[in-house]
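Trainee: Please take me through one part of this model closely: the place where the two domains meet. I would like one connected account.

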Amino acid sequence: MRARFFAGLSLVASIILHGSVWAASPAPVAAENGMVVTAHHLATQVGVDVLKAGGNAVDAGVAVGYALAVVYPVAGNLGGGGFMTLMLADGRKTFLDFREKAPLAASADMYLDRDGEVVPGASTDGHLAVGVPGTVSGLQYALQKYGTLPRGKVIAPAIRLAQRGFVLGQSDVGMLGMATQAFRKDAPSAAIFLQRGQPYQAGQRLVQKDLARTLRQISQHGSAGFYQGPVARALVSSSQANGGILAQADLDQYRTRELAPVECSYRGYGIVSAPPPSSGGVTLCEMLNILEAYPLPELGFHSAQAVHYQIEAMRHAYVDRNSYLGDPDFVDNPLSRLLDKGYAAQIRSKIVKDKAGISMQIKPGVAPHEGDNTTHYSIVDRWGNAVSVTYTLNGAFGAKVTAAGTGVLLNNEMDDFTVKVGVPNSYGLVQGEANVIAPGKRPLSSMSPTIVTQDGKPLLVVGTPGGSRIITAVMHVILNVIDYGMDIQEAVDAPRFHQQWLPDTTFVERYALSPDTRAVLESWGQNFRDSGYANHVTAILIGAPKSGGEAVGNDRYYGANDPRHNTGLAMGY
Ligand code: DON
């Protein structure tokens, strides 16, 4: 199952992703007043326009969130959920959790048949896979509390893109093409994303009139335009007519949670990242705490010894991730232990310099979860407010169903829960008790919108999609900036590797390891599997193109879009 998942990922990668990222990198995109990096060029343009019009990074972040729901339907959404890590110019740090929730009628065994076996596809496809959407609540919460512009102004660009349509590029068409079969099975999706049953071609215009109407409802009524009234009624009736369990009561009770971010330090820099119900910040900090005592800069970028220590740090941190974490309203997350530097020292004492750990001997536990598509965007404004957002439908196009009449594609986030303890879910993953389904509970996530600080000010804004590989990709970018002195584009471009405890193998991108480095590591017991590209990092470095470097002229913001994906864009002004 897992092999199939990663094979599938490579296929997707070959359709939508570029291949040539390993040569010298172009200079980061530089600008004086602000920077926006998103996975779609039209959404980036919307964000820059909002900044130019005097909006702050939160205004731009909300506008981008709505715009991506139109121009990047594979992951941008109104029908999903996500996280925003926020650092304000005055030094305040906060985190908005607008993750989907299990509907009130959900139960721990809802995806099992009468014999207690998992029903294939039940938690991934169709209306029963849908969690209560959080995105609109989250974007509105952010705007009301931390934004400055009126709602109508930040939603207008998305309405325009939906109403008038936009011209599809080859990579837009490639993404839509991944779901042609699924769209054919869902009439409301087919009516939008297919033309008389056939896929769109590059150069054609995608118009989404229903989505424009839904966006206008939100523009007029705020969250109530989505969670109440005609849109809500359409969401509920679509679900109930198609085997789902979404009820008006679920929409009534949905609230964005404002939480304290997870924080730790790495070689004097501050790390501000996602707390539970994400595993991202905890796992990232645990890996960095383990690595801090190793002389990575002296060992050299991707030397056998440095790679070995990083793989072992990943292996140990992911065991804990898989065993202990879940929605903090439902389970106690042992954060103080997992984030403790003394605990990291204990782990280091178990890491042998020239011998790979054996995952099953470290501790029996459970394996992590990945999905197919998600998106991250990073924004900084002229005042120094920094916004790091990852949001998702979970799989590409989520449950691949649209609520009739709304234009809203729905998530399949329920599959991030433990469908059955001890039994692999549809991705071949086995998860634990802390993450079982309960009414109103949020499923465990890997999404890691992160801000790295220096002297109390934001230095790096970073995040990515990629399921369980999100956390290690964010770690690589941080190490590349702090330990290896790369500029932000080099740090994003550099090849990555990923270990997640189980399977007991390390996934390597092309050119990540030279043959002789790989041979040394194999002689220490490491084993490798070649992987496609799972991530699309969007990052901003503040102050200079590289940490400790010189600013270029008056430019203060340096953006990097991951070249692994050819729809994104870094743009400043
Ligand atoms: O929350 C999570 O961890 C997953 N739903 C994210 C899925 C994802 O990143 C897939 N992207 N490629």
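Mentor: What follows goes from the domains to their interface, then to single residue pairs and the ligand.

This is a predicted model, in which local features need pLDDT of at least 70 and side-chain atom pairs count only at pLDDT 80 or more, while totals for chains, interfaces and linings use all residues. Residues are numbered from 1 along each chain as its sequence is written, and side-chain values use heavy atoms, with hydrogens and water left out.

The protein chain is assigned domain 1 (21-28 + 262-373 + 447-547) and domain 2 (29-258 + 378-435); such bounds come from an automatic or database domain assignment. Taken over C-alpha atoms, the centres of domain 1 and domain 2 are 27 Å apart. Domain 1 puts 43 residues into the contact and domain 2 puts in 45, where contact means heavy atoms within 4.5 Å.

About 3,200 Å² is buried between domain 1 and domain 2, with carbon and sulfur atoms giving 63% of this area. Buried area here is the accessible area (1.4 Å probe) that two parts lose on being put together, summed over both.

Across the interface of domain 1 and domain 2 there are 8 residue pairs in polar contact, both residues being at pLDDT 80 or more. A polar contact is a pair of N or O atoms within 3.5 Å; within protein, one must be able to donate a hydrogen and the other to accept it, and residues adjacent in sequence count only if both atoms are side-chain atoms.

The interface of domain 1 and domain 2 also holds 3 salt bridges, each a side-chain nitrogen of Lys or Arg within 4 Å of a carboxyl oxygen of Asp or Glu. Arg-257 and Asp-327 form a salt bridge with their closest N and O atoms 3.0 Å apart. Another salt bridge joins Glu-263 to Lys-93, at 2.9 Å between the closest N and O atoms. Glu-263 is in strand β10 (residues 262-266) and Lys-93 in strand β4 (residues 93-98), so this pair ties together parts 170 residues apart in sequence. Strands (E, at least two residues) are DSSP runs, numbered from the N terminus.

Last, the ligand. Among the 15 residues around the ligand, Thr-374, Glu-413, Asp-416, Ser-445 and Ser-446 come nearest; a residue counts as near if one of its heavy atoms lies within 4 Å. Glu-413 has a polar side-chain atom 2.7 Å from a nitrogen atom of the ligand. A backbone N or O atom of Gly-467 is 2.8 Å from an oxygen atom of the ligand, and a polar backbone atom of Gly-466 is 3.1 Å from an oxygen atom of the ligand.

Terms used. Helices (H or I, at least four residues) and strands (E, at least two) are DSSP runs, numbered from the N terminus.
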